[in-house]
Amino acid sequence: MAESVPKQAECLAAAGLQSRILLPSSPEYASRIEAYWSKSSQLKPACFIQPTSAAEVADAVKALVAAKQTFAVRSGGCNFWPSNNIDNGVTIDLGQLAWIKYNADDETVSIGPGARWGQVYEYLAQYDRAVAGGREARVGVGGLLLGGGNTLFTGRRGFACDNVIEYEVVLANGSIVKATAGGEHSDLFRALKGGGNNFGIVTSYTMPAIPCASIWGGLVILPPDIMPAAADAFVDFTSNLEKDPDSNLILMIAHLEPKRGSVIAGLYANVAGVEKPPIFNKFLEFPELLSTYKKTTLVECLNATAQGTGYHGVWFASSFANNPAILRRAAELHAELAAEFEDHITDQDFQTQCIFQPLPRAFAQNSVKLGGNMLGLERNQVDGVLWSAHIMVRTAEHEAWAYPRVRAYVEKVRAYAAEQGGLLDWITANYANPSQPVLESYGPENVARIREVANKYDADGVFQTLCPGGFKISKVQG
Ligand SMILES: Cc1cc2nc3c(=O)[nH]c(=O)nc-3n(C[C@H](O)[C@H](O)[C@H](O)COP(=O)(O)OP(=O)(O)OC[C@H]3O[C@@H](n4cnc5c(N)ncnc54)[C@H](O)[C@@H]3O)c2cc1C
């Protein structure tokens with residue numbers, strides 16, 4: 001017997017969207033749940049609605065708002081916490097809006113929010129092109145661009161959000177608008193660059209195409225005891241990045257596989273295809289347990305960095321000054337945290353990652369040149385480090401056990417950075433824990449701007465109340 005439409009979805013069926021609804025009894029519903037990157041996001045909505053056009057997104061929003069029905073918005077579904085899903089509500093799944101169109105005439109790429117970065121790069125490879133997007137193939141376009149987005153191209157071209165030249169947005173009243181730098185909705189255009197899902201649902205992004213036939217890069221595993229020296233090498237790399245903006249580094253201390261202990265892993269890259277550029281000299285002198293770096297393509301390089309799924313996640317983010325003492329302290333405290341996990345999780349099936357990414361002032365200067373965003377990084381007076389702690393465990397019980405421990409770890413690192421006079425404000429939405437003050441970290445001016453734009457485009461606060469997932473401006477004090 002066909003499953004009857006639950007009351008939460010009646011408004012959608014009445015709006016003519018019945019054929020787009022996935023009910024819990026359908027195999028497609030189960031596979032959409034399974035496709036969330038993190039088990040922490042695998043809540044059970046009353047249904048998914050899968051629009052196939054901006055007009056259908058608009059119809060769905062109008063129907064849900066009229067029925068005062070709570071909903072969530074999901075693009076790639078890669079956020080580790082359920083900002084992208086809702087128990088017993090309706091999840092608007094943008095997975096069908098996954099087109100990628102390269103326009104050779106004006107060298108732009110238009111991308112649907114449901115596409116994944118791996119698909120984007122694979123499609124653009126036939127034209128020897130790329131865009132400034134994510135660094136893991138499965139990560140979604142929609143969420144990464146709304147949270148800012150650190151990329152392999154940030155040194156040269158600013159954050160992913162700085163590269164968006166047009167947004168198509170479905171507003172809370174169901175109207176569809178285009179937001180550009182010089183157009184009628186230039187305030188919305190700017191606010192979307194880091195302001196998250198406070199304003200509407202983005203149904204299309206247009207970005208400049210970047211010539212990119214080949215890159216140099218790959219994954220490296222280094223012995224754990226080189227950490228003190230690796231901290232110095234990282235600081236040196238970050239200080240020199242302005243002189244070599246095509247190079248890119250992610251350095252992490254990680255417990256990745258059961259019973260293998262912690263390792264140091266690096267992603268080395270140069271998007272101009274320069275092999276072993278001098279900025280990597282200090283790193284290239286370290287003994288390597290494994291290395292895959294070579295002249296390659298973006299697609300191949302990212303396939304080699306795929307991360308394990310099927311875990312519950314506890315992630316936190318922070319930023320601090322480019323000071324090796326802070327990196328070393330984060331590493332020492334990570335060793336203590338990993339040891340605690342090894343004692344508690346008897347089958348050793350967990351991952352801990354203490355990740356350092358360069359955050360030189362030059363990144364923010366690029367953003368300013370491109371018109372500015374909401375992240376507030378131009379306030380930094382010193383080169384910085386984007387730091388995040390990602391912990392992945394197999395069960396909800398282990399997640400509950402892990403949360404206070406990871407939180408305490410992050411607080412200790414932040415306290416040490418503050419003692420050193422090196423704690424920076426920015427907390428990136430893309431890796432942040434829901435308990436962290438992400439929007440506040442953008443600074444009072446940007447908070448005021450986000451609030452003003454949210455009030456203007458969503459006067460009834462639909463995206464504050466009916467769509468609770470994400471970092472919400474209404475939760476920010478003052
Ligand atoms: C393995 C891995 C690698 C990563 N690598 C990077 C990286 O290189 N750089 C980086 O900056 N981040 C990275 N991230 C973090 C990533 O940017 C975030 O998890 C991001 O939210 C993922 O985008 P998504 O489309 O999958 O988002 P989802 O999980 O679908 O959504 C995230 C949030 O955005 C909202 N949202 C999504 N799409 C829309 C839309 N179209 N309109 C309105 N609201 C929307 C959702 O409601 C939700 O609140 C990585 C994450 C993982 C798991």
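How much space lies in the largest cavity? The answer is about 40 Å³, and the legends below begin there. This is a predicted model, in which local features need pLDDT of at least 70, side-chain atom pairs count only at pLDDT 80 or more, and totals for chains, interfaces and linings use all residues. Residues are numbered from 1 along each chain as its sequence is written, and side-chain values use heavy atoms, with hydrogens and water left out.

**View 1. The largest cavity and its lining.** Here a cavity is a set of points, on a 1 Å grid over the protein atoms alone, where a 1.4 Å probe fits but cannot get out; lining residues have an atom within 4 Å of a point. The model has 2 cavities of 30 Å³ or more, volume being the space filled by probe spheres set on the points, which are joined across faces, edges and corners. Lining the largest cavity are Arg135, Asn150, Thr151, Leu241, Asn248, Leu249, Gln357, Pro358 and Phe363.

**View 2. The ligand and its surroundings.** Look around the ligand and you will find 33 residues (each with a heavy atom within 4 Å), the closest being Val73, Ser75, Gly77, Asn84 and Arg135. A polar side-chain atom of serine 75 sits 2.7 Å from a ligand nitrogen atom, while one of arginine 135 is 2.8 Å from a ligand oxygen atom. Glycine 140 places a polar backbone atom 3.2 Å from an oxygen atom of the ligand. The protein buries 96% of the 960 Å² that the ligand exposes when taken alone (Shrake-Rupley method, 1.4 Å probe).

**View 3. The second largest pocket.** A pocket is an open set of grid points with protein on both sides within 12 Å along at least five of seven lines. This one holds about 230 Å³ of space. Of its 15 lining residues, Pro434, Gln436, Phe471, Lys472 and Lys475 lie nearest the centre. The lining comprises 8 nonpolar, 4 polar and 3 charged residues.

**View 4. Cysteines without a partner.** Counting pairs of cysteine sulfur atoms within 2.5 Å gives 0 disulfides. For cysteine 301, the nearest cysteine sulfur belongs to cysteine 212, 10 Å away.

Terms used
Ala, Val, Leu, Ile, Met, Phe, Trp, Tyr, Cys and Pro count as nonpolar, Asp, Glu, Lys and Arg as charged, and the others, Gly among them, as polar. A polar contact is a pair of N or O atoms within 3.5 Å; within protein, one must be able to donate a hydrogen and the other to accept it, and residues adjacent in sequence count only if both atoms are side-chain atoms.
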